[in-house]
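Hi,

Here is the structure I promised to pass on. Have a look at it first, and then read on for what turned up.

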Amino acid sequence: MKTKTKYRLLLAGLIMGVGLTGLAALSLGPVPLSFPLDSFQAKILFDLRLPRILLALMVGAALAVAGVLFQGLFRNPLADPYVLGTSSGAAFGATIAVFSGMNLRFFGLSARPLFAFGGALLATALVYSLGRSGRRPALTMMLLAGIAVGAFFSAMTSLLLFFRQQELAKIMFWMMGGFAYARWAEVRIVLPYLGGAFLYSWSLARQLNLLLLGEEKAHQLGLAVGDFQRRIVMTASVLVAAAVSVSGAIGFVGMVAPHIVRLLIGPDHRSLLPASALAGGLLLLVADTLARILLYPVELPVGVLTSFIGGPFFLYLLSLLQKGRSDWY
Amino acid sequence: MAGPILAVEGLSFSFGKRPVLADLNFTVPTGGFTGIVGPNGSGKTTLLKCLNKALPPTRGRITFMGQDLAGIKLRALARQIGVVPQQWETPFAFTVREVVMMGRFPYLRRWAGARQEDRAVVEEAMRATNTWMLADRLVTELSGGERQRVLIAQALAQTPCLLMLDEPTSYLDVNQTLEICTLLTNLIRTKGLTVLAVFHDLNLAARYCQRLIMLKEGRIYAQGAPEAVLSSPNVTAVFGVETVVGAEPFNGRPHLYFSLPQRKERSTNRRQERSSGAE
């Protein structure tokens, strides 16, 4: 089958999946729905379940697109905002914004994503400058730097927890990730960042393809590599910051979704980016719906659930690498 | 006759404090095959990188087609200069056609797709390099020689007027080597292309190049016609091997025969030193 046909089929399948899962997620929950809806049911449906579903889709999409960007940047399919420590950096920034008790606003934007962006950018810049010893970003250096930077920022967040123990539940939320606080306000925070960053990344799809050939080759084909890489770091940080500032640090979506999409339609970013965004959204929506109903009436933090799936998946990819498989996708 | 395509004046390059290239002066004439030879570590690859703007010269000036190289934008440069690196691999499974199409990058607009013209150029480049039948294969599954030809196809898809190659034939067998060199020679004749290539194999350089630049320890030791540059004393001084120059039987180009200089005396001395040191 031609790649283009496969791509169209995949998009159609993903859109259908999102629609069906969305309907299921709307109807599932402690309050049963009956038609016609009374005002209480309508409130549950439109002010709780619907924004939560949209938020899960958007955060999943943002994380998957950020994952694609990082994987292109490091030329490595193991790169992911969570593994690289970017999410921990963003979570730390968001925590500071929340606990300094401010409702600071810059140009009508809430301070939380801005602080999260600062943390994400700092973490990514650190890992990126450490993780590329020599000419090629080395796998070991990237992973080790990611672990160190992630641990550092998590420790900083824990330190805040230590000083503000009365806010325990909220901090745990940042660290584990979840959608329990999802309302329309959160949807409005994420949407412009996700939309802008996604369109911008998509417009750079061809450049991202060149980068996969290696920095030297990309340069020879006319790409100003250093400048381009800085733009990618910024864009990915915006996406992670937007996602983390509304849902905390949710791991591995950014690795799993692009990996599956590449297996199906190949590495071309022009189709990889939109398909991964949809796949990431669907993945996180499924995970969040499961998190709501698995241990009903108790709700699992969705970050715990994605790490349950993502951890073994990461090990599986690592074992492929150990066997020296060079043809990833 | 047009002026030189490349003019290099006083070019020096250092990695930190380690000088790699020192005060190079040469020109590359437009059209024709120019070769760069020299032992490992003599700065051949670094020189090529300075010439395609991958490394900024520490001192000196490079003029490409009458313009200062430093002032030419990368994208514009990529329409004029195609580069084939010595070694290249990617873990991402693009098809051969996709990789060759990336050679059109400097011509494509941001949101626009490939035009009919781009597809035609890509097909021609692939047919010329004998990679058309590989079009739908994955680059991750190619042999070294196939990958090299795909890279040349990609560089040709840039429709450059100058093609730079860094040891283009190191992974090829003898048949593929001659085919690539013949292809380059044909492109020079039919399209007025200029080829600048680093050669490890001196006999290949002697056979195909009209001009040679011979480097030793980051300096130009000799330059000019292969017959003059690849003289027995030059090769002995630069590579440290004894050399007899003969004629290659097919078309009478110079052909070199090598032998290590007689070192019996010195190696005996060294052995004696080592044994005395152990006592």
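Start with Leu28(A), which sits in the loop that runs between helix 1 (3-27) and helix 2 (39-74) of chain A. Keep in mind throughout that this is a predicted model. Is Leu28(A) buried, partly exposed or exposed? Its relative accessible area is 31%, and buried would need under 20% while exposed would need over 50%, so Leu28(A) counts as partly exposed. Leu28(A) also belongs to a nonpolar patch on the surface, together with Val286(A), Leu290(A), Ile293(A), Leu294(A), Leu295(A) and Val298(A). Between them, these residues offer about 550 Å² of accessible area.

While we're on chain A, there is a salt bridge to look at between the side chains of Asp268(A) and Arg270(A), with N to O at 2.9 Å. The two partners sit in unlike surroundings: Asp268(A) is buried, at 10% relative accessible area, whereas Arg270(A) is partly exposed, at 40%.

Now to where the chains meet. On the chain B side, 33 residues are in contact with 30 residues of chain A. The size of an interface is often given as the accessible area lost when the parts come together. Here chain B and chain A bury about 2,700 Å² between them, and 62% of that is on carbon and sulfur atoms. Three residues stand out on the chain B side: Phe92(B), Phe105(B) and Arg110(B) supply 26% of the area that chain B buries against chain A, more than any other three residues.

How many salt bridges does the rule find across the interface of chain B and chain A? Zero. Polar contacts do turn up, though, with 10 residue pairs counted between chain B and chain A (both residues at pLDDT 80 or more). As for which elements are involved, helix 2 (74-78), strand 6 (81-84), helix 3 (96-101) and helix 5 (144-157) of chain B each give two or more residues to the side that touches chain A. Of these, helix 2 of chain B gives the most, with three residues.

A few words on chain B as a whole. It has 10 helices and 12 strands, and its C-alpha trace spans about 75 × 45 × 40 Å along its principal axes. Of the 279 residues in chain B, 50% count as buried. Among contacts in chain B with a separation of 6 or more, 64% are between residues 24 or more positions apart. Chain B exposes about 13,600 Å², with carbon and sulfur atoms supplying 51% of it.

One buried residue to click on is Gln176(B), in helix 6 (residues 174-191) of chain B. The relative accessible area of Gln176(B) is 19%, and the cut-off for buried is under 20%, so Gln176(B) falls on the buried side. Apart from its neighbours within four places in sequence, Gln176(B) is in contact with Gly145(B) and Arg149(B).

Back to charges. Side chains of opposite charge can pair when their charged atoms come close. Over all chains, the search of the whole structure finds 16 salt bridges. One of those in chain B joins Arg97(B) to Asp136(B), with the closest N and O atoms 3.0 Å apart. Arg97(B) lies in helix 3 of chain B and Asp136(B) in the loop between helix 4 (116-128) and helix 5, so this pair ties together parts that are 39 residues apart in sequence. Arg97(B) is partly exposed at 35% relative accessibility, while Asp136(B) is exposed at 60%.

There is also a salt bridge between Glu123(B) and Arg127(B), where the closest N and O atoms are 2.8 Å apart. Both residues lie in helix 4 of chain B, four residues apart, about one turn of the helix. Glu123(B) is partly exposed, with a relative accessible area of 29%. Elsewhere, salt bridges with shared partners join Arg104(B), Arg115(B), Glu117(B) and Asp118(B) into one network.

Last stop: Gly16(B), in the loop between strand 1 (6-15) and strand 2 (18-28) of chain B. Gly16(B) is exposed, at 70% relative accessible area. From Gly16(B) to Thr58(B) it is 42 residues in sequence and 9.9 Å in space, C-alpha to C-alpha.

Cheers

Note on methods: Residues are numbered from 1 along each chain as its sequence is written. Chains are lettered from A and ligands numbered from 1 in the order in which they are written. Side-chain values use heavy atoms; hydrogens and water are left out. Patches are made of residues with over 30% relative accessible area and no salt bridge: like charges are joined within 9 Å, nonpolar side chains (Val, Leu, Ile, Met, Phe, Trp, Tyr) within 5 Å. Accessible areas come from the Shrake-Rupley method with a 1.4 Å probe; for residues, only the protein chains shown count as cover. A salt bridge is a side-chain nitrogen of Lys or Arg within 4 Å of a carboxyl oxygen of Asp or Glu. Buried means under 20% relative accessible area, exposed over 50%, partly exposed in between (1.4 Å probe, protein chains only). Contact means heavy atoms within 4.5 Å. Buried area is the accessible area (1.4 Å probe) that two parts lose on being put together, summed over both. A polar contact is a pair of N or O atoms within 3.5 Å; within protein, one must be able to donate a hydrogen and the other to accept it, and residues adjacent in sequence count only if both atoms are side-chain atoms.
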